[in-house]
Amino acid sequence: RLRQARSAEASAQLQHRKALSDKLRAQESHRRLEASLRIAEQTSQSTWWAAEEARGAARSAEEILSKAYADVERVLQEGTWDAEGRAKKASKSSCSCVDVDVDKLARAERKLAKVRCALDATAIRQSEVEDLEDELLAMNTAEHPPPAASQSAPSQDSAPDGAPAAASTEGGAGASDAPAAARASEKERERARRQLEQARERTQGQADKARDHATSAVATLLDAGLNLVDSFMKTGTRPARADEVKATAASVKALFRQLSACWLTSRKAQEAWLKAAANRSKHATRFSEASFAHREATSALAEAEVAAEAAIKAMQEAAEECKNAEQALTEAQAAKEKAEAEEANLRKRRDDLKGEVSAAKTELRAGRVAVKEALAEKQSVMAKMRKVEKAQMRIETAKTTALEMLKSEKYDAKQVELAYELKRKGSAALSIGDGVAEGGTTTEDGGSSAEGSPPKRLRGKAAA
């Protein structure tokens, strides 16, 4: 068993050295391809931004060209002159101060229509070229599987001994079908790419012809416009000054020349975009290839790292097993000591809780006695309160009864006089035996009156 363990250890060390060597080669290749990828990415980004800036410049030039064309079209087609070339009286145009040659005006209008057609055709062709460039760029930058040779080479370099034979024997029909499908898909994409490139070249030729035709049409329009301006004459339909006529002629000439200059600028911008787009497509393809190579190197590096980790794991398994057993024994002893300490603590806690239970029972008995006394006191107080409430109820009942009796008696308006007479008669009977001095009092005016004599108001009523 020891010999087997030593043999397994030697084999694991050999596999580990081989895996480390493969890993170092994969790391070196990965670093090299990563540097190439960064360079390709920076170049691709710079060319992409250059193409976008060129496209923006072309769009701006087209907008300026459209504005210049609109200015010329407004001069020729806003109805400033009548059928004989004379300025209309109701016209408020800046050119209403001049008369023109009808034939030259008609020729300039025809040339303007040709320019419109030529510019539209140029815009259509330019849009077709841009669409083809975008499709070709998307196809060049799209992710695609590698060719069959590039698929087989990394597997032979990174696989351990005996792996190719096992793959060839165990793969069967599925392993042979995958490269064939990849090659067919690659051929299909290559054919589509060639078709797009041919269509792009054909469309670019048509766009060049359209630009040449537009250049010729703009030059012809410029010549017709200058001839039209030379035919400007002071109108007789309304007052006009000579300097006003000269200013109008100069402004119209400037409009025609501006249209020609704007077209040349737009054409240069379109041609600059074509160059930038071609450069962008080329560097995008390089970046895609560098990205694919970097992914392949990353995959190979990952496989090498996995193989190295597996070799290290196999080499360390025997020592790790012994180390794990020793660690398990140490942990078991520590767990036993911990359990014994916890058991002792629990026993001590149990004894402490017993004492606490006895003290709690004593306190509980005293509390129960206090509760009983409080209940008795509460009942006594409640009885006293009930007595007070009954007495209060009796008083309220008596009060209510007295009030009801008073309310039930019939009111007599002469009851005061009657009561007074009864009292006076009783007082007179008593005063016969006692004398006048004992029962009377002296008033302020020297007269005397009995103690029970009624007030003046009552005496007046009695006399009446």
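A search of the whole structure, which is a predicted model, finds 19 salt bridges, and several stops on this tour are chosen from among them.

**Salt bridges between helices**

Begin by selecting Asp-223 and Arg-107, whose side chains meet in a salt bridge with 3.9 Å from N to O. This pair links distant parts of the chain, since Asp-223 belongs to helix α4 (residues 163–230) and Arg-107 to helix α2 (residues 102–141), 116 residues apart. If you colour the model by accessibility, Asp-223 should appear as partly exposed, at a relative accessible area of 39%, and Arg-107 is likewise partly exposed, at 29%.

Next, select Arg-280 together with Asp-134, which form a salt bridge whose closest N and O atoms are 3.6 Å apart. Because Arg-280 lies in helix α5 and Asp-134 in helix α2, the pair ties together parts that are 146 residues apart in sequence. Is Arg-280 buried or exposed? Its relative accessible area is 3%, so Arg-280 is buried, whereas Asp-134, with 29%, is partly exposed.

**A salt bridge within one helix**

Move now to helix α4 and select Arg-211 and Asp-208, which lie three residues apart there, about one turn of the helix. Their side chains meet in a salt bridge with 2.4 Å from N to O. Arg-211 counts as buried, with 0% relative accessibility, while Asp-208, at 35%, counts as partly exposed. Before you leave the salt bridges, add Glu-52 and Arg-55 to a selection of Asp-134 and Arg-280, since salt bridges that share partners join these four residues into one network.

**A buried serine in helix α5**

Select Ser-281, which is found in helix α5 (residues 242–408). With a relative accessible area of 7%, Ser-281 is under the 20% limit and is therefore buried. Which residues does Ser-281 contact, leaving aside its neighbours within four places in sequence? If you show the side chains around Ser-281, you can look for Glu-133, Leu-136, Leu-137 and Asn-140, with which Ser-281 is in contact.

**Aromatic rings**

The search of the whole structure finds one aromatic pair. To see this pair, select Trp-48 and Trp-49, which are arranged edge-to-face, with 4.9 Å from centre to centre and 80 degrees between the planes. Trp-48 is partly exposed, with a relative accessible area of 37%, and Trp-49, at 52%, counts as exposed. Another ring to display is that of Tyr-69, because Arg-116 lies over its face, at 4.6 Å from the ring centre.

**A nonpolar patch on the surface**

Switch to a surface view and select Val-381, Met-382 and Met-385, which form a nonpolar patch with about 250 Å² of accessible area together. Val-381 is found in helix α5 and is partly exposed, with a relative accessible area of 41%.

**The whole protein**

Finally, clear the selection and look at the protein as a whole, in which the secondary structure comes to eight helices and four strands. Following the cartoon along the sequence, you can trace the pattern α-β-α-α-α-β-α-α-α-β-β-α. Of the 464 residues in the protein, 23% are buried, and the protein exposes about 32000 Å², of which carbon and sulfur atoms supply 56%. Among the contacts with a separation of 6 or more, 84% are accounted for by residues 24 or more positions apart.

Terms used: Residues are numbered from 1 along each chain as its sequence is written. This is a predicted model: local features need pLDDT of at least 70, side-chain atom pairs count only at pLDDT 80 or more; totals for chains, interfaces and linings use all residues. Side-chain values use heavy atoms; hydrogens and water are left out. Rings of Phe, Tyr and Trp (its six-membered ring) pair if their centres lie within 6.5 Å; planes under 30 degrees apart count as stacked, over 60 as edge-to-face and the rest as tilted. Buried means under 20% relative accessible area, exposed over 50%, partly exposed in between (1.4 Å probe, protein chains only). A charge sits over a ring if NZ of Lys or CZ of Arg is within 6 Å of the ring centre and within 35 degrees of the ring normal. Helices (H or I, at least four residues) and strands (E, at least two) are DSSP runs, numbered from the N terminus. Contact means heavy atoms within 4.5 Å. Patches are made of residues with over 30% relative accessible area and no salt bridge: like charges are joined within 9 Å, nonpolar side chains (Val, Leu, Ile, Met, Phe, Trp, Tyr) within 5 Å. Accessible areas come from the Shrake-Rupley method with a 1.4 Å probe; for residues, only the protein chains shown count as cover.
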